[in-house]
Protein chains: 2
Amino acid sequence: MNSVTPRVPALSLNTATVREQWNLAQMIEACARHGIPGISPWRDKLAELGATRAAAMIRANGLTVTGLCRGGMFPAATAGQRQAAIEDNLRAIDDAATLGAKCLVLVCGGLPPGSRDLEGARAMVRDGIAAILGHARAAGVPLAIEPLHPMYAADRCCINTLAQALSLCDEIDPHRTPIREGAHSAVLGVAVDAYHVWWDPELDRSLERAGADRLLAYHICDWLVETRDLLLDRGMLGDGVIDLRRLGQRVRAAGYQGFDEVEILSRHWWSVDPDVVLGTIRERHPACVV
Amino acid sequence: MNSVTPRVPALSLNTATVREQWNLAQMIEACARHGIPGISPWRDKLAELGATRAAAMIRANGLTVTGLCRGGMFPAATAGQRQAAIEDNLRAIDDAATLGAKCLVLVCGGLPPGSRDLEGARAMVRDGIAAILGHARAAGVPLAIEPLHPMYAADRCCINTLAQALSLCDEIDPHRTPIREGAHSAVLGVAVDAYHVWWDPELDRSLERAGADRLLAYHICDWLVETRDLLLDRGMLGDGVIDLRRLGQRVRAAGYQGFDEVEILSRHWWSVDPDVVLGTIRERHPACVV
């Protein structure tokens, strides 16, 4: 490494990227084979193997678990449903601990069915996170609030900007409590996904505000022009308009030292040979980020 | 009007709502017939009649022109293209003046083809608006920057929050210059469209910051769950999740005294008898907004 050629960050594979082609065991093996040192499983994939077996297999292949996707989904119409969501989050924290995951990613949830009360949903998110924070700390698993693109505000996540996610962190965890004594990460922070935040005029300021202890994960893919589906038309690195080089530099300048986790939800890439998908990611990544 | 039953704001028809079914002459006649006292033409429809004939016909039918859609589209790859955009905006201002429009709505434009430089595009927008402001003032036509939903940042508009639009106003027109002496409206302000801003956690603060002189237009429709198309799946009032009542109250509390302009870009509603579309708007509007 020198000042002219910055180091290419380590890659991690979010399992959503090849979820239609492979099971978790195949993904773990493929990461090792393709020289991808990190993995971030979704819970549907984890359920196939069980957390204990998955953890052993990931360890045996020398991979880092950059996150577990996902907890969250707190807003619900009834108190009973909200309590069920909290209990499900507690189980997710336990699984993340078993995996030694760097964080549990929280996709916080949108409006309860039939509701137009966005402020109310946001309050339910706050209360839900507050209810699981103690368990997360005891388990040594940082919680990463992932602000989702505003186009998901109604149905997936009512936390829609990095500034909003950080204000929520400050409200619930005002002292930036380290996950354990001397640890780099706070018990509560954010997962920054390029797809969700790239448009935000306040982004640079928010990244600085987040700082090293709140920046728990960094997800990358690309925004396609034109985008044909709100959920399943995300782009391969380099195929879209996000300046991933600039954004990665800002994320790292703000103190993030972790992996570049590639998460591409795409009908197109789900139809491609998954070894080609991983090969394309490996090939595109350096030129897109440094 | 009393304190229990607030007044229903006056309606305006944005011509995009029935653009596939009617020409402008038909729309003007239909507004009068349906008791819709305002109209906001797009320039493609205006071109059919010409601004002078359209203005006479609108006047003859007693309608208020709540806006002309649209100027903007400033970013471009070459200086020549950017100059052409500015000249097109000057013509739009002249047409808006001929119509006596309350404002010219600016959809500012996205990234130039092949560009990933969002900051650069935003600077081109600033420079473009600054270049046409004098002509707008001389013509007596306020310019309304319309922040568009972040999902349009790449291809339609790189101004994506009300706060960002207001900062742009303050940068270009720091003294909130009235459009003419004693006028209620500033020469530069914003068009607030419920569809584009409803998700914004900073929305209430931004509306207060805007105030009466910057709030030049208020557009309404609804956000459908699920939304099947990024552009052409907007919802009829009441069919989605936007709390239009609350939002309208906030817009008016911030000083807006104008029309509720209905703009619904929707393949579905474009397939419906336009008299039914206008009848549905008239029927739904009071219950959705007060």
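## Exercises on a predicted two-chain model

With 15 C-beta neighbours inside 10 Å, Arg176(B) counts as partly exposed. The model is predicted, and the exercises below start from this residue.

**Exercise 1.** Describe the backbone and the setting of Arg176(B), then those of Arg176(A).

*Solution.* Step 1: phi of Arg176(B) is positive, about 50 degrees, although the residue is not a glycine. Step 2: Arg176(B) sits in the loop between helix 6 (162-172) and strand 7 (188-193) of chain B. Step 3: in chain A, phi of Arg176(A) is near 50 degrees, again a positive value in a residue other than glycine. Step 4: Arg176(A) belongs to the loop between helix 6 (162-172) and strand 7 (188-193) of chain A. Step 5: a residue is buried at 20 or more C-beta neighbours within 10 Å and exposed at 12 or fewer; Arg176(A) has 15 and is therefore partly exposed.

**Exercise 2.** Determine which relation links chain A to chain B and through what surface they meet.

*Solution.* Step 1: a turn of 180 degrees with a shift of 0.0 Å along the axis lays chain A on chain B, at an RMSD of 0.0 Å. Step 2: this is the relation of a two-fold axis. Step 3: 21 residues of chain A are in contact with 21 residues of chain B. Step 4: on the chain A side, these comprise twelve nonpolar, five polar and four charged residues. Step 5: 100% of the interface residues of chain A are also interface residues in chain B, so the copies meet through the same surface.

**Exercise 3.** Place strand 4 of chain B in its surroundings.

*Solution.* Step 1: strand 4 covers residues 68-72 of chain B, and five of the five are buried, so the strand is largely enclosed by the rest of the structure. Step 2: strand 4 pairs with strand 5 (residues 104-107) of chain B in the parallel sense, over four bridges. Step 3: Gly71(B) stands opposite Leu106(B) of strand 5. Step 4: strand 4, helix 4 (residues 79-99) and strand 5 of chain B form a right-handed β-α-β unit.

**Exercise 4.** Locate two cis peptide bonds in chain A.

*Solution.* Step 1: Cys69(A) and Arg70(A) are joined by a cis bond with omega about 5 degrees. Step 2: Arg70(A) is in strand 4 (residues 68-72) of chain A. Step 3: the bond from Val225(A) to Glu226(A) is also cis, with omega near 5 degrees. Step 4: Glu226(A) lies in the loop between strand 8 (215-220) and helix 9 (244-253) of chain A.

Note on methods. Residues numbered from 1 in each chain as written. Chains lettered and ligands numbered in written order. Predicted model: local features only at pLDDT ≥ 70, side-chain atom pairs only at ≥ 80, totals over all residues. Contact = placed C-beta atoms within 7 Å. Nonpolar A, V, L, I, M, F, W, Y, C, P; charged D, E, K, R; others polar. Helix = DSSP H or I, 4+ residues; strand = E, 2+ residues; numbered from the N terminus. Pairing = 2+ DSSP bridges. Right-handed = clockwise from strand over helix to strand, strands pointing away. Least-squares fit on C-alpha atoms with pLDDT ≥ 70 in both.
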